[in-house]
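Here is a short, informal briefing for anyone opening this model for the first time. Have a look at the sequence and the structure, then read on.

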Amino acid sequence: MKDHLLLFNFVTLALIAILGILTSLKFKKNELPWKIIALYLIGSFVTNVITYVFWEMKWNNLKILHIYSIFQFVSFSAFYWSTTRNRTKQLLILVFSGTITGLLILNSIWFESLQDFNSMGIFISNGTLIVYSVAYFFEVLGAEVNAKKFLIVNAGILVFISESLVVFLFGNFLKKVALIDQAVLWYTHISTYIIFLLLILWNHAKLDRIR
Amino acid sequence: MLNSTESAENITVYIALILFAVIALVLVIILLFFVSRKKIVSEKLEAQEMKLKHKSDLVRYNIETQENERHRIAEDLHDDVGSQLNLISLGLHRINKIDSTLDKEETEAILLITEGVIDRVRSLSHELLPPILEKFGLVAALEEVEFNYNKTNSIELVFKTNIENEEPIFDVTDRLYLYRICQELIQNSLKHGKAKLIRISLLNQDGDVHLSMTDDGVGFNVDELRKGKGMGLMNIENRVEMLGGTMAVASTLHEGSTFDIYLPKKANREKDN
């Protein structure tokens, strides 16, 4: 089972690398949301590699999850900030995300140990991202074609973030369960992440065709 | 560690069930969104099409009313006002000859004014509905336009055609609408394009008609023009549409513009209408 999970991880890593390169091409010419996605993918790639090294070295890699969940929250918040042109919405995202990022940092320092899953932190940050994602859907429901450019990416984020919220909410409980019994959850998690990455690829290819 | 105890297994199954339920719920939300969006977009498109159709119908109605009015005013000017002015002129001539007590200079001046008014009425009537268009056809009318513009020496207008017999190609409405299109295009080139050279070609291509107008004016942004379509362009487009044709516009800033209008064979146009 460990081998299967490793294989899945390598597939994910390869996909992130390909997507990272694809979205980084013509970086300067790309629109801001794509630049943010490119940076997020690069960050994800680095995190995944470090996590793998920690795992191989049998070190506790949960402290990386603490940092990664903050990084992911900031990246996706920046993505939603950049997709709207409404100043009020931008300000709201800025205030909410700034406050929650601060709370996540405080949570990792004082409340949830770096040796454990930051379940509460992930619940709050992913919950906020779900609100952003649903709000984006409502915003583009009857909007001009131009505003619908990131619909597929947004659908991917919503699926992945919702799934992550559930898995990591029970993270600390799962630590007590044998790996074989929790396999289905981690396979689902990696599969959802792969689907999310494929949706980014699809959206990117679709946009390239429009260009 | 709980190992693979039954309770741990059960709880993991519950978590998995919650997980799948959440994923399913999210997928349903996404599906609902895409279905609603499709519906909203199609409703919006329908409303937009209705609005465009209404606008287009309004312009068509305006064009038809305008043409009828022009026709009526031109006929009234020519047949009624023109004839009566001619009678006044003849009467003045007669009085001038038979009544020696009248001040000759004054009657000559009145005669001159009357003849001036007669000329002005005639030219107004011709502008509204060129008799040459009805009597000799579109090619002759456009040749007259070419002659009149070149006479002014302020611009050069070149008209070319390969049409010798108009009858199998145009009917009365075709001629009138194509003439109006040319008038509008020339006016636009002069007014907005500040053109100095205008080339018009009217070609018969195996029964299909290709009307082309090119100028050396300041040019414009085609996309912007389409977005903020003015009445002039809309009139042209509607006339082309009413003739069952299509129009292509190309323009380069500071180099000029080209309008290409294509009309299918007369028989096909009649069939479509």
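**A quick tour of the two chains**

Let's start with one residue: Arg122(B) is partly exposed, with 40% relative accessible area. In this briefing, buried means under 20% relative accessible area, exposed means over 50%, and partly exposed is in between (1.4 Å probe, protein chains only). The model is predicted, so local features need a pLDDT of at least 70 and side-chain atom pairs count only at pLDDT 80 or more, while totals for chains, interfaces and linings use all residues; side-chain values use heavy atoms, leaving out hydrogens and water. Residues are numbered from 1 along each chain as its sequence is written, and chains are lettered from A and ligands numbered from 1 in the order in which they are written.

**Confidence**

- The scores for the model are ipTM 0.81 and pTM 0.64.
- Chain A has an average pLDDT (the predictor's confidence in each residue, from 0 to 100) of 89, and 94% of its residues score at least 70.
- Within chain A, the element with the lowest mean pLDDT is H7(A), at 84, and the one with the highest is helix H3 (residues 62-83), at 95.
- For chain B the average pLDDT is 86, with 93% of the residues at 70 or above.
- Among the elements of chain B, strand S1 (residues 156-161) has the highest mean pLDDT, 95, and helix H8 (residues 266-272) has the lowest, 63.

**How each chain is built**

- Chain A has eight helices and zero strands; here helices (H or I, at least four residues) and strands (E, at least two) are DSSP runs, numbered from the N terminus.
- Along the sequence, chain A reads α-α-α-α-α-α-α-α.
- Of the 211 residues in chain A, 50% are buried.
- Chain B mixes both kinds of element, with eight helices and five strands.
- Starting at the N terminus, chain B goes α-α-α-α-β-α-β-β-α-α-β-β-α.
- Of the 273 residues in chain B, 36% are buried.

**A buried histidine in chain A**

- His189(A) sits in helix H8 (residues 179-210) of chain A.
- With a relative accessible area of 13%, His189(A) counts as buried.
- Val166(A) is 23 residues away from His189(A) along the chain, and their C-alpha atoms are 9.8 Å apart.

**Salt bridges**

- Over all chains, the whole structure holds twelve salt bridges, each being a side-chain nitrogen of Lys or Arg within 4 Å of a carboxyl oxygen of Asp or Glu.
- One of them joins Asp116(A) and Lys175(A), at 2.7 Å from N to O.
- That pair links distant parts of the chain, 59 residues apart: Asp116(A) is in the loop between helix H4 (87-111) and helix H5 (119-140) of chain A, and Lys175(A) is in the loop between helix H7 (171-174) and H8 of chain A.
- Asp116(A) is partly exposed at 29% relative accessible area, and Lys175(A) is partly exposed too, at 39%.
- Back to Arg122(B): its side chain meets that of Asp119(B) in a salt bridge of 3.2 Å, N to O.
- Arg122(B) and Asp119(B) are three residues apart in helix H2 of chain B, about one turn of the helix.
- Asp119(B) is partly exposed, with a relative accessible area of 46%.
- Arg175(B) and Glu167(B) also form a salt bridge, with their closest N and O atoms 3.0 Å apart.
- Buried or exposed: which is Arg175(B)? Arg175(B) counts as buried, at 10% relative accessibility, whereas Glu167(B) counts as exposed, at 52%.
- A network of salt bridges links Glu67(B), Arg70(B), Arg180(B) and Arg239(B).

**Surface patches**

- Patches are made of residues with over 30% relative accessible area and no salt bridge, joining like charges within 9 Å and nonpolar side chains (Val, Leu, Ile, Met, Phe, Trp, Tyr) within 5 Å.
- A nonpolar patch of about 760 Å² lies on the surface of chain A, with residues including Leu39(A), Phe45(A), Val46(A), Met57(A) and Trp59(A).
- Val46(A) belongs to helix H2 (residues 32-56) of chain A and is partly exposed, at 43% relative accessibility.
- On chain B, Asp103(B), Glu105(B), Glu106(B), Glu108(B) and Glu115(B) form a negative surface patch.
- Asp103(B) is in the loop between helix H1 (6-98) and helix H2 (104-128) of chain B, and is partly exposed with a relative accessible area of 44%.

Note on methods
Accessible areas come from the Shrake-Rupley method with a 1.4 Å probe; for residues, only the protein chains shown count as cover. Lys and Arg count as positive and Asp and Glu as negative; His and the chain ends are not counted. The place of a charge is taken as NZ of Lys, CZ of Arg, CG of Asp or CD of Glu.
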